[in-house]
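Hello,

Here is the structure I promised to pass on to you. Have a look at it first, and my notes follow below.

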Amino acid sequence: MDCDRKTPKCSDIPPEFWYPCGAHYCEVPVYRLTRLPDAVLNDDFLSQYEIDKKRGTIKTKLLHNDKYYGVSVLGNKKDAEKLLKKVVAMKKKYNGIAYGTTCVMDGVIRHTPNQSLSSHITWWLFEGAMPETYFTPLHDGGNDD
């Protein structure tokens with residue numbers, strides 16, 4: 001597949017970031033925080049840049065970081081549960097966890113671990129991607145095994 005022929009979902013991504021260095025096509029099982037505990041919405045798959053743009057709070061210091069234009073997903077359920085507890089405590093608008101697989105037809109990924117989330121992956125979605133149609137909510141907030 002040739003990513004250069006695909007259009008990024010986040011249309012404001014700077015040309016030098018498309019496609020993201022080190023990103024590749026790969027299908028891996030992942031978790032994503034969702035706004036609702038029992039539903040997965042299109043808005044659950046916006047990049048932080050797109051969220052900030054809607055709010056009018058673009059973080060200029062992040063504009064030169066390609067991860068700002070991708071969607072964060074987690075390869076480890078425990079990381080997703082830990083992050084959900086943190087954002088709920090911070091009164092962020094996330095209340096659930098969804099589970100699915102990164103579809104190669106929908107974007108490219110790169111492992112982007114950080115100090116607190118070793119399984120963090122950034123997923124740059126293509127225009128027309130609809131991961132909300134194949135991700136499933138974990139109805140109990142991710143505590144089922």
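**What I found**

Let me start with helix α1, whose buried residues are Tyr49, Glu50, Ile51 and Asp52. Just past the end of α1, Gly56 has a positive phi of about 75 degrees.

Before you go further, please keep in mind that this is a predicted model. The mean pLDDT of the chain is 91, and 92% of the residues score at least 70. If you compare the elements of the chain, β5 has the highest mean pLDDT, at 98, and α2 the lowest, at 90. One stretch to read with care is residues 141–145, where pLDDT stays under 50. For that stretch the model has 11 contacts beyond four places in sequence.

Next, the pocket. The largest pocket holds about 1,000 Å³ of space. It is lined by 33 residues, and those closest to its centre are Gln48, Ser72, Leu83, Val87 and His120. Which elements supply at least two residues each to this lining? They are the strands β1 (29–34), β2 (71–74) and β5 (120–125), together with the helices α1 (48–55) and α2 (77–89). By type, the lining of the largest pocket has 14 nonpolar, 10 polar and 9 charged residues.

You may also want to know about the cysteines. How many disulfides does the structure hold? The count is 0. Cys26 is in no disulfide, and the cysteine sulfur nearest to its own is that of Cys103, 12 Å away. Why is Cys103 not bonded to Cys26? The two sulfurs are 12 Å apart, which is too far for a bond, since a disulfide as counted here needs the sulfur atoms within 2.5 Å. As for its surroundings, Cys26 is partly exposed, with a relative accessible area of 25%.

One last residue to look up is Ile97, which sits in strand β3 (residues 96–101). Is Ile97 buried or exposed? Ile97 is buried, and its relative accessible area is 0%. Lys82 lies 15 residues from Ile97 in sequence, and their C-alpha atoms are 11 Å apart in space.

If you open the model, you could begin with Gln48, Ser72, Leu83, Val87 and His120 around the centre of the largest pocket, and then turn to Cys26 and Cys103.

Happy browsing, and best wishes

Definitions and conventions
Residues are numbered from 1 along each chain as its sequence is written. This is a predicted model: local features need pLDDT of at least 70, side-chain atom pairs count only at pLDDT 80 or more; totals for chains, interfaces and linings use all residues. Side-chain values use heavy atoms; hydrogens and water are left out. On a 1 Å grid over the protein atoms alone, a cavity is a set of points where a 1.4 Å probe fits but cannot get out, and a pocket is an open set with protein on both sides within 12 Å along at least five of seven lines; lining residues have an atom within 4 Å of a point. Grid points are joined across faces, edges and corners, and a volume is the space filled by probe spheres set on the points. Helices (H or I, at least four residues) and strands (E, at least two) are DSSP runs, numbered from the N terminus. Ala, Val, Leu, Ile, Met, Phe, Trp, Tyr, Cys and Pro count as nonpolar, Asp, Glu, Lys and Arg as charged, and the others, Gly among them, as polar. Buried means under 20% relative accessible area, exposed over 50%, partly exposed in between (1.4 Å probe, protein chains only). pLDDT is the predictor's confidence in each residue, from 0 to 100. Contact means heavy atoms within 4.5 Å.
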